[in-house]
Structures are given as structure tokens and as C-alpha cells.
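Here are a few exercises to work through with the structure open beside you. Try each task before you read its solution.

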Amino acid sequence: MDIKYDRRSFIKTSTMSVGAAALPLTMVELAFAEPSDNFTFAYISDSHIQQIKGTQFVRNWDRGLIRAVAETNLLTPKPDFVIFGGDLAQMGSKPELDHGAELLSKLNGKVYHVMGEHDYYLDLGEYWSKLFGKQYYSFNHKGVHFVVLNSILTYDEWTFNRWPTNEQRMAEMAGLDNPNGSPFMVGDKQREWLKKDLAKVKKDTPIVVFSHSPLQKIYKGWNFWTEDAEQVQALLAPFDKVTVFYGHVHQIQYNQIGNIAFTSAMATAWPWPYPQSYAQAQQLLPKLTVQMNRADPFFERDATGWQFIDVNSGRASATFNLYNNTTRTVAFDSQAGHPKDQTYQDEDQRIAPQMHY
Amino acid sequence: MKIASVIACAALALGASAGASADEFTEEDLARWQEQFDGVVKEGRALWTDAKLGKNGVVCAQCHPNAANTHPETYPKFQKQLGKVANFWEMVNWCIRNPLEGDELAADDPKMTALLTYATWERRGVKLEPGKH
């Protein structure tokens, strides 16, 4: 680490001083040579707002998003922007997207949106785009080039020819373990766009990519997977510093492939098991990952949360706010050349609840 | 059936009591029992993804894809939040009441049997470890 960063102990102290509640969250000043180079953003993902009927929505999922929004608004100093990582809705309907957008409208500051499969497969993103704009795009912020991809597309035959109704298409893709689903992909058209977009960017410019699905292959059965991951990685390979953030998996994952550091987001709605917990699965969870605590269902918000990210010297440090568990920070370690958990990375530092089976 | 009849005849000839013996079964019996079991697994999978099992449209598979992280092989076990050693079906009912906001099932309700059968089938091959956390 080339920075002095003492957020963890600060949180611990502040949490102790206000008792059990984890509020308010405050960020510590980072000690740096050039503080102007550094900035933070918040990252909320996978809220799965689910309509019961009419104006009734599943309370549990609503509460997750409401809490993330409230806590994000308390960050000091304010994050430069907020990323919403996709799956705002559960079944992609207008009422769900509208209700989700209303809850997100309480956020202070600019919000960038990433498309999730639960937002997409009812009307192929039409209403989502009306609310939030383009499905893939890029922007520059303080010397970092940000790219947002719609990585949850799939084969045309599956999308356009297989299902008698849009509702059924959405329901088939909504089931994580549904064998009728189809692998996610970025697709030719968007990869062509990405190639052109990156052609304008200098190789030493830090790149941060947001996608909903992992731009790597972990477990195909639950679509912890992007079919053309290698092709997307190849487009990112010429750059010195690349960071990919993804949602979808509802758990902590991080990895390093070549020059690309990967970090996932927690969901605000509910946690997912690690694929290794499915006894019949073949899966490739990155060895680097120290897993989140096993969820305790008796705590409604356990194993859910949201993230805020420091970008320093073009590298990212992600702090996971885990509600009922201790906050965790996964930061790029320039000596090791990959992201590392700041507390639990060494085998002998791990705790029993991080063991999944 | 042929083999069973031959054995039954032999048993009669030896002066044993008439009728099929309890520990005899055929390939057909095995196939039928497997079919019955598979049918209940299928019913269980249907319930696992059934928005009508609870009352808010949430399904078991939303948090437990392929019934993962249910750990049927660890029950009965002590649940600190219940303050006692609990059975797997008690935790299934806990989920029906809470995340699914529904009405719990009787322990011997055929729906409960199907849910437990499906979750246990997905965990096949894993050794029994009652009490494990």
C-alpha cells in the first residue's frame, strides 16, 4: 500500500461510540502526496425491488435499498457520484422500476446506472432506458476513464425466438438456477463499440469498467459468467491499470487476471451462496477471494450491504458495508499486484463464518 | 415377478407361512420406488420456485438456488436463535413465515415432504454431519 489509510479502525471506533448502530459512516481523510488525484464513489447494487400487487412491494428488499441510500447520503466527504450496479427490479416491470427509481431519487448527487438481467428481459430494456438512459456508455472523471457495459445480453435465438411471451422470457431468466436460462454476454456490437471507445484512451490512463455480470467465468450454472469474457478482457489488456466492478453475484468476490483487477458488489436485497455450496456444481471461484461470512437468516439484512470505493493513483480500494457484519476493505496492493483484503487475506487471519460448504 | 413366484413356491414347499416375504423386492419394485421418489423431488422443485408457497411472491430459490446453503445434512442441530436443537423442517417453516411472509406447513404436510426431499436430493453425496455449523 502506498497510502496511509485508517478507515477500518475509525469505523470500529465510531461504531463503538454510537453503540450497535453502524451510523453515521464517515470517511477519513487520506494521507497522500497529491490528494487532488484521489476521489471516492459509492456503489449500490442488486436491490431486486419486487411487486406483490398494486402499490405493495416486498418489504425486505425495499428496506435494503432504503438503508443503502440513507447511509450513502451520510458519507463525508461526499462521494463524487454513485453507481447503481443493476437488478433494480425483480421482474423488470414498470411499477418495480418506478418504485426503485423513486427510492434511488433520494440519493444526493449524480447516479450512473448499469443494466441487470432483471431490469432487461421483460421489454429488452425499453422502460429502463426511458428512466436511466443509455445501456452502455463511457465517461471521464478526474483522469480515470469509466466504461459501463450491458453484459447481460444473450444469444438472439433465446431472446427473440424461444418464448411465447415477454413475461415468460423474464421469468425464465429471473431464476438463477433455472436450466432454461442462457449465458450472459457483451456481444459483438458492444465489443466493437468498446474497441472504438478505448482507441481514444492513452494506455496509462486508469480504466474502470462496470458490468452486471462478472467479466470472467466462475460458475455457468448460475450465470456467474460472461460468455465472451476473454474477448472483453483482451480489449482491456493493453492498459496499465484496469479495474472491473460487477454485481449479480450477491457476495464478495475478487480476482486478478493479467492487468485486470476484479471486485464484486454485495446485494442490498439478499445474499447468494458461493457456488461451491452446491454439491453438484463444477465452479471456479477465484482463489484470491476471502469469502463473505455465511448468512445468518435470523438477521434480515445479514450478508447484504453496499460499497464505497476510493480511487487512488488509478487503483481502487473497495469498502464493503455489511450491515450485520464487520466492515471489510479489499484494496489493490501494488506490491502483490492484485487486490487484497486488508484484514483477512492471510489464511491464519480468517474466521470460521468465512468457511462455506 | 417370476423369481418372486419361484421363491414363494419354494417357501410353501418348505412349509413356511404363505404370502410374499417382507424382504423381497424386484427390479420392477426398485424402479417404481425410484419413480415415486423422483416425482416428489419434482414436486419439491416446483414448490421451491412457486410464488404461491408464501404470500409475497418471494420463492425459496431466490436465496437458495439449487437449495444451496440449506445444509440438510447438518440437522438436527442447535439453532442459537431458537434456543434449541431444531429439525430441518422447522427452519423451512421459519423461511416460509419470514422471507416468504406465509403460513407454516405441518411437519407431515406432503408439501413439506416434497420441499425437504428436493433440498436433500440436491445435497446428495454429501456426508451426514448432524449438529455441524
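**Exercise 1: two helices in chain B**

Work out how helix α2 (residues 27-48) of chain B sits against helix α5 (residues 110-122) of chain B in this predicted model.

Solution. Start with the axes: those of α2(B) and α5(B) come within 7 Å and cross at roughly 95°. Angles of 65 to 115 degrees count as roughly perpendicular, so α2(B) and α5(B) are roughly perpendicular to each other. Next, find the residues that meet. On the α2(B) side they are B:Val40, B:Val41, B:Glu43, B:Gly44, B:Arg45, B:Leu47 and B:Trp48. On the α5(B) side, look for B:Lys111, B:Thr113, B:Ala114, B:Leu115, B:Thr117, B:Tyr118 and B:Trp121. Finally, sort the residues of this contact by character: you get 8 nonpolar, 3 polar and 3 charged.

**Exercise 2: the sheet in chain A**

Trace the strand order of the open sheet in chain A, then find its edges.

Solution. Walk across the 6 strands and you read β6-β7-β8-β9-β11-β10, with mixed pairing. The edges are β6 (137-141) and β10 (254-257) of chain A, each pairing on one side only. From one strand to the next, the twist averages 20°. Now zoom in on β7 (residues 144-148) and β8 (residues 207-211) of chain A, which pair in the parallel sense over 4 bridges. Pick A:Phe146, and its bridge partner in β8(A) is A:Val208.

**Exercise 3: where the chains touch**

Describe the contact between chain A and chain B, starting with how many residues each chain gives.

Solution. Chain B puts in 18 residues and chain A 17 residues. On the chain B side, the largest share, 3 residues, comes from helix α3 (residues 60-63) of chain B. By character, that side of chain B splits into 8 nonpolar, 8 polar and 2 charged residues.

Key: Residues are numbered from 1 along each chain as its sequence is written. Chains are lettered from A and ligands numbered from 1 in the order in which they are written. This is a predicted model: local features need pLDDT of at least 70, side-chain atom pairs count only at pLDDT 80 or more; totals for chains, interfaces and linings use all residues. Two residues are in contact if their C-beta atoms, placed from the backbone, lie within 7 Å. Ala, Val, Leu, Ile, Met, Phe, Trp, Tyr, Cys and Pro count as nonpolar, Asp, Glu, Lys and Arg as charged, and the others, Gly among them, as polar. Axes are lines fitted to C-alpha atoms, for helices over the stretch in contact, and angles run from 0 to 180 degrees between N-to-C directions. Angles under 35 degrees count as roughly parallel, over 145 as roughly antiparallel, 65 to 115 as roughly perpendicular and the rest as oblique. Two strands pair if DSSP finds at least two bridges between them.
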